[in-house]
Every structure is written in structure tokens, then in C-alpha cells.
Amino acid sequence: PTLCPQWPYCRKRCSYCNFNTYVVPVVDEAAVRSSLVREARTLLRLSQVQSVTSVFFGGGTPSLASPRTVAAVLEAVAEAAHLPAGAEVTLEANPSSASAPRLAGFRAAGVNRLSIGVQSLDDAELRLLGREHTAAEARGAVEAAQGLFPGRTSLDLIFGLPGQSRGAWAQGLEAALGLCDDHISLYQLTLERGTALAAQVWGGALPTPPQDLLADMYETARTMLAAAGFRHYEVSNFARKGALSTHNLSYWRAEQYIGVGPGAHGRFVPRGEGGRSREARVQMLEPDAWMRAVQSQGHGTRRRAVLSPLEQLEEVLALGLRTDEGITREVSDRPWGDPAGTCHSPPIANDPLSQRWGHFSPHLSLEAVFGEPGEEAQALQEQGWLLLDGGGLRCTWAGLALLDSLLPGLVCQLQRR
Amino acid sequence: MAFAGRTAVWWARLRPSPVASPAWFAPWLPAGPVAGERPYSARGEEKIDMSTYPVESIRNFSIIAHVDHGKSTLADRLLEITGTISKTGRNKQVLDKLQVERERGITVKAQSASLFYSHEGVNYLLNLIDTPGHVDFSYEVSRSLSACQGVILVVDANEGIQAQTVANFYLAFEAQLAIIPVINKIDLKNADPERVEKQIEKLFDIPIDECVRISAKQGTNVEKVLQKVVEKIPPPQCNAADPLKALVFDSTFDHYRGVIANIALFGGEIQKGYKIVSAHTKKRYEVNEVGILSPDEQPTHRLYAGQVGYLIAGMKEVTEAQIGDTLFLYKQPVEPLPGFKSAKPMVFAGMYPVDQTEYNNLKSALERLTLNDSSVTVHRDSSLALGAGWRLGFLGLLHMEVFNQRLEQEYNMSVILTAPTVPYKAVLSSAKLIKEYGKEEITIINPAQFPDKLSVSEYLEPTVLGTIVTPQEYIGKIIVLCQDRRAIQKDMLYIDEHRVMLKYLFPLNEIVVDFYDALKSLSSGYASFDYEDAGYQAADLIKMDILLNGNSVEELATIVHKDKAYATGKYLCERLKDAIPRQLFEIAIQAAVGKKIIARETLKAYRKNVLAKCYGGDITRKMKLLKRQAEGKKMMRKIGNVEVPRDAFIRVLKRQTDK
């Protein structure tokens, strides 16, 4: 189980972002801190989690919080549950709030991995995205981070910007590869309703990036990163030397996660109150309301819904197929081969965290659901998008880029069982 | 909307119940008798003795006009002056009771009224017989006019003669009726009655001094119109001593009393207890009630030759009282009045519930609405894409639109209405097919029934004679538009220095979809259009199939003229390309005639379709979307390996109302 504390504030809203973030003149940090701490305690107790495997400070811009706040949350986790010494503790940082002294403070507080929102190494693109920093500032931040968190600094990049060419993207990526160490996330720009950027594109002020160009950019990136020795372990995530983010993997493996903070989402079994089913939970969105709720009742959960066994399997399917390991059958001792040779990289064997289909579906095997001849999964296999073998169910190299077109049919097939 | 007409549709008057529709409150209804003004009695009290109105004191007339030229306003004033309704500020479109009528400013349901008018010491009975002004209902117009001896032709003093004015004039002229030209709206700032009088003289050959200039809105000169009605319109030529001969010129359905038939007596008399027979159905009935319309039903002891009123005789369905039918006394048959025809639908469209679970509700709404309108034909139909539905036949486009609007407004039904088609015909040459159909000439409503060219000696398409009145500056563009619609010019006449009347013979299918909108838009709204049935003509018709990766899509097959195949095929392919989402493989969208491909669009395969960010909150959103997509997938229509969402068909098949 993992913990995901949210820091909901930003100094400025980026043009593409529709997250639950707030730009306020003054943040009462002490109040936010005590609420984060209190809610983390309450929810950890509720989940009766014994040991927290990772913590990820997201947001918002959590690098705007003080190291003290980060430390307080981590202490609370350690008190309420076990936080092993090697547990991954990541902080999302913006280059504009990632000076070396600040980062050193976070390290002292217990952070051992940084995810830096570089987004682009081109000043014009950064302006289009409404970012506060320049490319030079981003480089500085990354270099400072690498000094403090060697081999544990990840970069985020965005591609598919209005007007961006394939060549410009390849060039930017080349520059980022020269800068990064062992983990990089590449996100295709999603135009979200209600954002300034989407309004400009839909209003015709900026060009809509053509579908085929986006596919080309993705392909270019995958090829370049593979050549640089990176493993493409999830749709948008690449790592080498085993530097995968265990925290993020836990989402795609449908493990338990506890969301803490305004608008945080969680999935866990509330064993502390006798619950036996996995629940989807969302905390209150608005920070002040959330804080009032936490102060009065210990947590700010706004909505909770029990996930049916089918819904859980749907999540396992939709999330597991995003990873290169796919949906594994069960905990396996034996490494498996890749007989068809089409899987783009070998799945992780022997990994106790591996997705266990059997855990969520003890009575109906992957084979029984997706192995039926003449059905959707079979057809997708024949078309070369999908693989079902001894290791489990996963996308082929080409299939991964088309996952959202594969999923509806697979969900239908699952629902029929 | 197309073909706006201040129109009376002779089809569907639901008796508005005051409970269900307080908006239809009719000011004259429960108000009680207005002392000294009207000879009516409240229902159930003493009945009027109609024998005091001999034939010589009767005038039967209609008001005809182009849309918005003031027909309903003039009718309101005539009703007020004669005391038929009391004068209140609320009398606007008194005869138009339906929501759709008031909204559109059209008359959907004809309402007739008997007016009592005293002139130079004589008490006259003036029967105002409301007529459908629109070409969709030209048959019904001709039947109503056959109950009249004269018409008031209303023309707007500002707009002058319009297409519908011309069509209406000729209907009255051909029926040899007395015509009283009335120039309305003289109170308007831009009124130019002199110009309109000249137009009337030039086009209709009516001397300028016969025109009456009025303002129906302000009541100016309206009394003079009544005097003209008395002076210029002859009384009906008939005799109460003859055997009963009654023309049914309208019928409506009342949930409590059954069918109410509006009748004009051409001979004899009628009263409660008489046994009558329908010349059309040969069915026998006993009369329960007769009376006059004021404009609500006002029972009388009897009705006499020359008079107009209503009859209730235990008819259960409106089809039993068809417009144009003749009623006579049992065992005293008469020669039926000439000109009877059954309603002939000219425009067909598929109707489907938006949601199949609404099928039964829609079915009962259709049944109730058609109860009042025998001119709508209903055949069950089903489409693989749209589910179970009906193929409906309408008299024309306006009829279709109004029917649809009433379904939505009065029954709260939301429906998918497919693009309208027209009934084609084929003259068969194959002996086998002739035997199969039992006739040589067949009507084709559904493209699936289109017989192959090899077994057909000739295909036929319906045509109409269209009248366009336009300011001269638009002539060039209009001629191009008409040529593009395969129309042949029949006439071109300047009705004054600035206005031109054009006559074209159109294939009906060329005007059913968007002709009127195109005409209005290229003439800045100034050109008017009307049309009349002009029979069938030989046409080079072909059946065009739409293929998705080589598999034909049954619901998109279309019958088109050979000259239009390419344009139609290209259009359908383009619309489909926009409506079908990209899939995992390339999709060829083709239009084909036989084996020949005439148009093609290619929908490229998806190369990338995957959500970029999928953490915490994204997961919840993604799962929600995925569930919807999985549900949607179950609703998809599969054509070969191509999945087509239902709304893609709707987008392609649906009528384009707003362009």
C-alpha cells in the first residue's frame, strides 16, 4: 500500500492544467500541515495498513511546501504504520521552486526521489504551456537535483504542443536525454476542457496537432529511448538501470493506495471499520472545506464507493495493460519467456508486486475470460495488438499505442463472463 | 422551416380540453351569451331555428392568403363585428388554437364559423369556411372551396402578391368562385396599396376599383368587406326539397363524442335521428346531433340546404368521415359530389424513437395523433441501426414538420426523423415481376424494393409545378438554383416593375430537402415559393449503395437520379467519414451504383489512442469513460468488421433542419 499526499496550491495555473489546484496569495501552511498529518493518520488507521511501501507528494506544486511539512507527514506515516528504510519517497518539484538548498531540505525531511516538471527545454514552448520557468532554469534545477538525488531524479516532458513539429520534438527529447539520468516520463498533451490552451485550440487561435503527427512523435520517442537503453515500462514512462517508480507501478498493478489532501483519490479496503471490499474514495476538493472537515472529523472524505468484483477486474485490466509486464496470472516463481518475441521488453519476473489476476479473480482465470476463440481478445491477438501467454495478458509494441481502442471490447468480453 | 404557409391542415384537431391546455382557453366559450349581440344560446338551452335562414340569405366563403398576410387577423375581426365572439384584446388568431399554430403563425387546423350579419334590413347567415392555404393540402383546399361560392383574397399592402397568393387565386378561379380582393395592412408605414392593386390587375385581371383597402389589425374598412361578401358572393344554388346531399369538408375526433364531421348541405335537410349513408364507405349511421360552428359547436334542430355546420353520427374513426365524401339519406342515394380522392402521401420519412425503450409510448402517441389525421399513412418499419420504428407518409413537407412538432409539443416525444423521400414508380417489363406484384406499375417507397433496370421498362418520379415570386435582382441566382435542381422553366412574368413570377416544373425529390431554405437564403428572404402536384414523369433513376470496406449499408441505400448520383454519393461519403470514429484499421467509405464505385472517402486507421496520464484521479475518470465506451460498443451496428455508432446513422440520415 502506498500513500499519496496532495499539496493543492500553485503559484500560477499552467495553460494546459485542469487539476484541482488553487492559486492563493497566502497559504496557512501550519493548518494545511496539521490537516495532512491528521488525515494521513486517520486513513492509515482505517486501512489498517501494516507497512507503507512508498509515498508520493503530488499536487499542485508540493515543492512549494516547506520541508517541515513533508517531514511531518512522513513522521505521521512512520508512526501510524511501518515505513521501511528503503521505501520510495517522491516529491514532485517545479524548476521554479527547486533550488539546491530547498531540495537539500526535502532530502533531509526524508524525500529520496524527485520528479521534476521540466515539460520542455524550449522557452517558446514553456511560454505556450504557461510555465513560470525558462529552459535554463529547468536545466539548473535538474542538475541540482541530480547532485542530491543521483539516479533518483525523473523528468516530465510534454509533446504534441500546437504547432510543434516532429523534428522539434526529437530535438527537445535529445536534449532531455543529455540531461536526465535514469527515469523519464513523456506525456502527450491532453487538451482538457476548461483550460486556456484548449480554448485557444478549439477556438482556432492555435492549430490542432494532427493525429498522425502525434503517433509519429510517440513512435520517435519510443525508438530514441529504447536506443538510449530505457525500458518502456508504462504508456508514458521509461526507466533504465531498474529505476522504475514503484509508487506509480502500484497504481497500474491495482494495489491499495491512500489519497490524502484536497481532491486526492484512493483505493483501499477500510478494514479498520470492518470493511472487506475495496473502495474508491475521493477527498473534498476545496482546501478550506477539506481542512474544516479534517479538523472536525479527522478526514475529509467526500465520496466513497464500494467497487464490485467486476469493477475491480475492469480496473486491473485497464491499468495493467498500460504496463509492459501486463496483467500477470499470479505470483510466479518461474521467469517466463516471450515465445512470440513480440513483447517489447521482458516482464519482471519474481517481482512480488506483480499484478496478480488471481488475487482479484480467484475463480475465473485469465485464460477463461480472454482465451475464448472467436472473441474480441482472440481477434486482437490475431491482429497483433495483444498477447496472451504463460506470462499473462499484455499489449504488443504496436498495441500499447492503441490501448484505448482495445479496452472497450475487452471490457465487454469481461462483462460477459 | 420549409414552406411556411398560413395554413389550415385538415387533419388533426384534438379537442383542446381546458384542463390539459389552459393556454387554449377560448374567450368565447364559457362567457355566456352576450346580450343583444348574438343569437346563440348556450349549449343545451334552446336551439337556434335554422329555417329562418333561407338559401337566398346564405353566403359561403373562405379567406385565402399568403403566409402572414393577415388571414387570421381578418377572421378575428369578422367574428368580432358580427358578435360571434366578444371584442377583447385577446382575440388573436382565435381560430388557431394549437400551440404550433400560435408559435408558427400558421393555421394547422381549420376552424369554420357561422356569422350572423344584418345588412340593409336582411339577416344574413355568413359561413366562413376556413381553408388550408398550403399546397400540401391542395386537395383539401379544393374540397373546402367546393363548399363556397366566393373567397376573400387577402394580399399584404407591403409585400404584394406572393407565390401562395398565386396558387390560392388559381384554385379559387378554377372553382369559378367570386373573388373579393382585399389589400391588408394599409396602416403600415411602407404600405403601397396602389402597387399591389396594379399587380392584382395585371396578374389576376381584376379591376383596380374592386379591391378593398383595409387594416384588419385596426379594423379599418372591415365592415366593407362584409358588405362585399353579401353583395358579390352569390347564395348557394340548392333546394331544401331535394334529397339530402352533404359534403364532408373536414372531420375531427373528440374523445367523448367520436368523429365530428363538418358538412355543407348541397340539398335537403338533416336532423337528429336521420339515417345516413357514406357514399365512400357505404356505411350507415344514425345522426345524433347537428349544429353550426360558432366556432365551437352550437347544436341546432336542423340544418337546411345551403347551410354549413357539423354532424355527429357515431363514427368511430376519422377515416369514416373522409374529406370530400358525400353523405345521403338511407335508401335515398344521390349522385356523389365530384372530386373525391383518398389522401395521397407525397413525402415519406422514417420515424424512430430516440431511445428504443420509448417505442410503446411513441406508438400510442402516433395512434392518438393520427386518430385525427387520416392523411398520414403509417407503416411499421425497422432499421438495423435505428431499431423499430415506422415509415410515415405525409401530404407534404409542412405536413411532416407540423406533425413532428405536435408530437414533440403535445406528447413530449422526441423522435428521429429521417431525410424525406418521395414515392417513385416503376413500369415493369418482367412478366415474372408483374405476376408477383399483380400489376404493371408499382410504387417504390423503400430503396430495398427498387427493381432492377433489366425488369423495368421505365422509372417514374413525381413532379410539381413550382411558383416563385421574387424581386428581380435575384432572378439570376434563382434560375441557377432551379437548373441545378433539374427544373424546367415554364413561365416568367413581371408582375410589376420590380417583381417577377417564375414557374418551374420540378422533380419533387429535388425540393423536399432543402430547396426552400436555399431559395430564402439566396434571396435574403424575399422570394416566396409554392407548388402544386404535376404528376409523374419518366426519370433515369438508379439505386445507390453505400459500402463500408465493401459491405453495403442497408439503411443508407438511396434512389437517385443518374445526374445526381455523384454529388449525392460524395455528400453521403463525406458525412459518414465525419460521423464514424477512427478504428484500428482503415475504412473505405464508398458510394456504388451496381458494381461501379462513384465516390470514395477513406477513414484512416488510428495509430495512437491511449490516455497519456493515468494516476490517482485520472483512473476514476478513465474507468467512467471506459464503462460508457463499453456500453456504446454494445449499441454499435457492425457492418463487416466496421463498428458504426447509432448516432453516426442519425447524423447521416437525419433531416438537416438548421444549416
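**Exercise 1. Count the salt bridges over all chains, then find how many join chain A to chain B.**

Step 1. This is a predicted model. A search of the whole structure gives 46 salt bridges over all chains.

Step 2. Now take the pairs between chain A and chain B. Their count is eight.

Step 3. Look at one pair in detail. R607(B) and D216(A) form a salt bridge through their side chains, with N to O at 2.6 Å. The cut-off is 4 Å, so this pair qualifies.

Step 4. Follow the links outward. R607(B) and D216(A) belong to a salt-bridge network that also includes R166(A) and E219(A).

**Exercise 2. Describe the side of chain A that touches chain B: which elements and which residue classes does it have?**

Step 1. Start with contacts. 45 residues of chain A touch 27 residues of chain B. The rule also finds 20 residue pairs in polar contact across this interface, both residues at pLDDT 80 or more.

Step 2. List the elements. Those of chain A that give two or more residues include β6 (183–188), α8 (211–227), α11 (309–320) and α16 (403–416). The top contributor is α16(A), with ten residues.

Step 3. Sort by class. This side of chain A has 23 nonpolar, eleven polar and eleven charged residues.

Step 4. Add the area. The two chains bury about 3400 Å² between them, and 56% of that is on carbon and sulfur atoms.

**Exercise 3. Within chain A, work out which parts the salt bridges of E79(A), R240(A) and E375(A) connect.**

Step 1. Take E79(A). Its side chain meets that of R41(A) at 3.8 Å, N to O. E79(A) sits in helix α2 (residues 67–80) and R41(A) in helix α1 (residues 29–47), 38 residues apart. E79(A) counts as exposed because its relative accessibility is 57%. R41(A), at 32%, counts as partly exposed.

Step 2. Take R240(A). Its salt bridge is with D182(A), the closest N and O atoms being 3.1 Å apart. R240(A) is in the loop between β8 (237–239) and α9, and D182(A) is in the loop between α6 (166–179) and β6, so the pair ties together parts 58 residues apart in sequence. D182(A) has a relative accessible area of 8%, so it is buried.

Step 3. Take E375(A). Its side chain meets that of R416(A) at 2.7 Å, N to O. E375(A) lies in the loop between α13 (366–370) and α14, R416(A) in helix α16, 41 residues apart. E375(A) is buried, at 18% relative accessible area.

Note on methods: Residues numbered from 1 in each chain as written. Chains lettered and ligands numbered in written order. Predicted model: local features only at pLDDT ≥ 70, side-chain atom pairs only at ≥ 80, totals over all residues. Heavy atoms only, no water. Contact = heavy atoms within 4.5 Å. Buried area = accessible area lost by both parts, 1.4 Å probe. Polar contact = N/O pair within 3.5 Å; in protein donor to acceptor, adjacent residues only side chain to side chain. Helix = DSSP H or I, 4+ residues; strand = E, 2+ residues; numbered from the N terminus. Nonpolar A, V, L, I, M, F, W, Y, C, P; charged D, E, K, R; others polar. Buried < 20%, exposed > 50% of the residue type's maximum accessible area, 1.4 Å probe, protein only.
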